[in-house]
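Here is a short set of notes for a colleague opening this structure for the first time. Please keep the view open and follow the points in order.

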Amino acid sequence: ILEDFCPGDLLMLQNDCQLIADAAFTRRYLAEATALLASGEADIVRCRSRTQPGQGFADGKKFARYHGHGWRPALLRLLRPFKARRAIGRAPYAIADAERRFPAYIERKGDFLIVDSSVINFTDQPFLISRPLMMHLLDWAKSHPKRRTLNGFQVMEINLNSRWWRTQHFKIAGGEGIFTHPR
């Protein structure tokens, strides 16, 4: 399906991710996602379902910990402002008005929300990316190994979630999504 839209883009996903959208929605989602990449409005488009992300997905809870209601989130924002700012990137997975609540970091483009990488982590869950940007990220991750590994191997997700990632201001788009990640 992807070749119908933009042969220079890569759809990255793990082998245990399942397509949950029907063919018509999948085609529309990929068409809109590749258009965002082609126009430069997004650098990466996340493809994991916002409403059915799968087990182990805790972005809503992590967002609420710092930006929920009550005195505890307010206290955490005060005590850990850096963590609170990074939690803003999880807002699209937790609240309906993310772009109105955090306009400095999140903007709406049609059915997608574009989030600045200064507040959202890199994830290796399903995403669409241009081939040149993927090669750039792989080169950077390879040239900046971390002590933290997974079974002794360097992992792109671990390497990229760093100060460097947050200062690049990549535009990360996310829509309703088409994949889930059951465990």
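## Notes on salt bridges, cores and contacts

1. Start at E41, which has 30% relative accessibility and so counts as partly exposed. This is a predicted model. The side chain of E41 meets that of K109 in a salt bridge, at 3.3 Å from N to O. E41 sits in the loop between α1 (23-39) and β3 (44-48), while K109 sits in strand β4 (residues 106-109), so the pair ties together parts that are 68 residues apart in sequence. K109 is also partly exposed, because its relative accessible area is 29%, and the range for that class runs from 20% to 50%.

2. How many salt bridges are there? The count comes to five. A second one joins the side chains of D59 and R90, with an N to O distance of 2.4 Å. D59 belongs to helix α2, and R90 to the loop between α4 (81-87) and α5 (98-101), so this pair links parts 31 residues apart in sequence. Are these two residues buried or exposed? Both D59 and R90 are buried.

3. Next, look at R108 and E99. Their side chains meet in a salt bridge at 3.1 Å, N to O. The two partners fall into separate classes of burial: R108 has 38% relative accessibility and so counts as partly exposed, whereas E99 has a relative accessible area of 17% and is therefore buried. Elsewhere, salt bridges with shared partners join E41, E107 and K109 into one network.

4. Now turn to two helices. Helix α2 (residues 59-67) packs against helix α3 (residues 71-79) at an angle of about 80 degrees, and their axes are 6 Å apart. Angles of 65 to 115 degrees count as roughly perpendicular, so that is the description for α2 and α3. Which residues make the contact? From α2 they are A64, R65, Y66 and H67. From α3 they are P73, L76 and R77. By class, the contact has four nonpolar, one polar and two charged residues.

5. F102 is worth a stop. It is found in the loop between α5 and β4. Its relative accessible area is 11%, so F102 is buried. Leaving out residues up to four places away in sequence, F102 touches F63, H67, I88, A91 and I95. One of these, H67, also takes part in the contact of α2 with α3. F102 and I88 are 14 residues apart in sequence, and their C-alpha atoms are 7.4 Å apart in space.

6. Then the nonpolar interior. The largest nonpolar core has 26 residues. Which of them touch the most other members? They are I44, I106, F122, I129, L137, L160 and W165. At least two residues each come from β5 (112-116), β6 (127-130), α6 (131-143), α7 (156-160) and α8 (163-168). The largest share is that of α6, with five residues.

7. Take L160 as a way into this core. Neighbours within four places in sequence set aside, L160 is in contact with F122, L137, W140, A141 and W165. Another core lies apart from the largest one. That other core has 17 residues, among them C17, I114, I178 and F179.

8. Q18 brings together residues far apart in sequence. Q18 lies in strand β2 (residues 18-19). With 44% relative accessibility, Q18 counts as partly exposed. Q18 and T180 are 162 residues apart in sequence, yet 5.4 Å apart in space, C-alpha to C-alpha. Beyond four places in sequence, Q18 touches I178, F179, T180 and P182. Two of these contacts, I178 and F179, are also members of the 17-residue core.

9. Last, check the backbone at H169. Most residues other than glycine have a negative phi. H169 has a positive phi, near 55 degrees. Where does H169 lie? H169 is in the loop between α8 and β7 (171-180). With 45% relative accessibility, H169 counts as partly exposed.

How values were computed. Residues numbered from 1 in each chain as written. Predicted model: local features only at pLDDT ≥ 70, side-chain atom pairs only at ≥ 80, totals over all residues. Heavy atoms only, no water. Axes fitted to C-alpha atoms, helices over the stretch in contact; angles between N-to-C directions. Helix = DSSP H or I, 4+ residues; strand = E, 2+ residues; numbered from the N terminus. Parallel < 35°, antiparallel > 145°, perpendicular 65-115°, else oblique. Contact = heavy atoms within 4.5 Å. Nonpolar A, V, L, I, M, F, W, Y, C, P; charged D, E, K, R; others polar. Core = buried A, V, L, I, M, F, W, Y, C linked by side-chain atoms within 4.5 Å. Buried < 20%, exposed > 50% of the residue type's maximum accessible area, 1.4 Å probe, protein only. Salt bridge = Lys/Arg side-chain N within 4 Å of Asp/Glu carboxyl O.
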